[in-house]
Amino acid sequence: MEAANFRPSRFLAATTAPSPPPPAPPPSDPRSLHFLRHDSTTNSPKLKPPSTFSVRASAGVHNNPVVTLLDYGAGNVRSVRNAIRSLGFDIKDVQSPKDILNAERLIFPGVGAFAAAMDVLTQKGMAEALCTYIKNDRPFLGICLGLQLLFESSEENGPVNGLGLIPGVVGRFDSSNGLRVPHIGWNALQLMKNSEILNTIRNNHVYFVHSYRAMPSDDNKDWVSSTCNYGDNFIASVRRGNVHAVQFHPEKSGGTMLLFLADLYVDIICINLLITLTMNETDAGLSVLRRFLYPKSFSTKVLEVGNASKLAKRVIACLDVRTNDEGDLVVTKGDQYDVRENTKENEVRNLGKPVDLAGKYYRDGADEISFLNITGFRDFPLGDLPMLQVLRYTSERVFVPLTVGGGIRDFTDGSGRYYSSLEVASEYFRSGADKVSIGSDAVYAAEEYIRSGVKTGKSSIEQISRVYGNQAVVVSIDPRRVFLKNPDDVDFKTVRVSNPGPNGEEYAWYQCTVNGGREDRQIGAYELAKAVEELGAGEIMLNCIDCDGQGKGFEIDLIRLISDAVNIPVIASSGAGKVEHFSEVFKKTNASAALAAGIFHREELGIGSVKKHLSNEGIEVRLTPYKPPPSRFSRPWN
């Protein structure tokens, strides 16, 4: 929603294909990096794919139920695909207007910019077909931009005309009163009428990520099925007959996609499959499965877990991933960024397997999962295929947002071929990432911007946010505390510290670093945060080297400084050791989320215990309505 225009033909050609990936384009094709996935000469760590058994409805009832997917290739829709497949459906991709008109059921997971999407639909003749399909009351589900395009126009890079099916103009959130834009996170719905597909999740949070929204009015009130409050009440979903559209992401809302597809496509599901799948599940799981598989034959109660009323604070699990000395890809965790054990062998600290842990944290209620490849991509960012495989495997079963970081930058390989940071990020998005985290390259970009005052459009932040939207770009800041006796001793923003320094210093500034904290730069965290926001970052992950792995709490002075300085969400990171540290950072700062790693990996704290504590402290969090159990039709990931 936040992205600027791009060439439609290029991104339509890059449409994500069902797994396994399609035949690789030749290496000479500059538009795609899919060929890198199949380079058998790559010396990569060991990672085995999950072995799964696909369960489908009986052929005696319906043979291979199909969902038609309108994916014009401008973002990550892998999770939508995975959610659909996990429910036993095949996917047919729209290739022509005829595919839209012939669809039995159509999902449009719009991602990217309003104008660019309309350009694609118009140039390919799909806009008229889509209007005809919807006007004929055919089963339709639009997601995010797929909702916005139904309106008359958008102010994003515009005005730009939409499909004109619903009265109203899509406008940007007003950030003049301190509202953080993009609207990122888990928020509550207010149901306006019987929407069918929303009825079982009325008390629970759903995941939003957008900067533009449509507002309810007398002209469109017959369409509006729910609203959400963020500054003002905006339209969260619409429904008329068989036509549904939602502003939030059901495929990222912790399994909510089950509920949507249940009500939309239940007529094709075999009752015998219901009996098989619902054996020995929890009551909440039974509720979701019944709603999906045969809601018209079962009385499904509304899920009572949760008391969603507003935007929730997020709890994020972070997984630092690297190869160990045996060549295995493992999750590790450092103390002040040192990931090796203090032993004679000095081995890499091994805390588990990345896909297994991500699945565990999803089941435990993590609001997001963040992967950081802390050693890969130094010389060849896309040569480390296992990290891309981790994303693909994780996105098959983890239906909350995934962030990945590590080496996202422009680079030239050994043969002299140049790759832009946009190409690197695109491969991450195609593999299942929803956001990318940029570290060192963001520091260099900010330094140049502060020096010149010019936005060149060439930095990784600008390239990626222009195409995928600023909500897809997270900047990870790695500062260290530098104590001062006099705040005028440096040209950077300083703070009066809560705890004086070793020599009684009452002030400090936070010096940014690059290369995993190994190199100091002459730029402060405050100056960096302000610069990257202007360049197009949509979120900041704020670390602190001094607190990392210490378990003594977040660096409150730093987090307060940065979260008060910017109008984009800030994720507090580094230092959590007990549940009280989470409530402290939310009460004393404007952080939107808190992230932890080692305490979760070592099972010193559980995500559920953190959320229970926050809820008891009066801090709104997303309470998961059920724990998705491991599938009985697959073996554990290796």
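Where does UniProt place the feature "binding site"? The unreviewed entry puts this feature at Cys144; UniProt positions follow the numbering used here, feature names are shortened, and annotations may be inferred rather than shown by experiment.

## What you are looking at

This is a predicted model, in which local features need pLDDT of at least 70 and side-chain atom pairs count only at pLDDT 80 or more, while totals for chains, interfaces and linings use all residues. Residues are numbered from 1 along each chain as its sequence is written, and side-chain values use heavy atoms, with hydrogens and water left out.

## The chain as a whole

The chain has 638 residues, and 60% of them count as buried (under 20% relative accessible area, with exposed meaning over 50% and partly exposed in between; 1.4 Å probe, protein chains only). About 24,900 Å² of the chain is exposed, with carbon and sulfur atoms supplying 46% of that area (Shrake-Rupley method with a 1.4 Å probe; for residues, only the protein chains shown count as cover).

Its secondary structure comes to 19 helices and 29 strands; both are DSSP runs numbered from the N terminus, with helices being H or I of at least four residues and strands being E of at least two. Take the contacts (heavy atoms within 4.5 Å) between residues at least 6 apart in sequence: 72% of them join residues at least 24 apart.

## An eight-stranded sheet

Cys144 belongs to strand 4, residues 140-144, and strand 4 is part of an open sheet of eight strands ordered 2-1-3-4-14-13-12-9 with mixed pairing. Strand 2 (90-93) and strand 9 (190-191) are the edges; each has a single partner strand, so one side of each is left without a neighbour in the sheet. Two strands pair if DSSP finds at least two bridges between them.

Strand 12 (residues 224-230) and strand 13 (residues 232-240) pair in the antiparallel sense, over six bridges. Ser226, for instance, has Ser237 in strand 13 as its bridge partner.

## Cysteines

With a relative accessible area of 2%, Cys144 is buried. Cys131 counts as buried too, at 13% relative accessibility, and Cys228 is buried at 0%. The structure holds zero disulfides, a disulfide being a pair of cysteine sulfur atoms within 2.5 Å.

## A look at Arg392

Arg392 lies in helix 11, which spans residues 385-395. This arginine counts as buried because its relative accessibility is 13%. Arg392 and Gly432 are 40 residues apart in sequence, and their C-alpha atoms are 5.6 Å apart in space.
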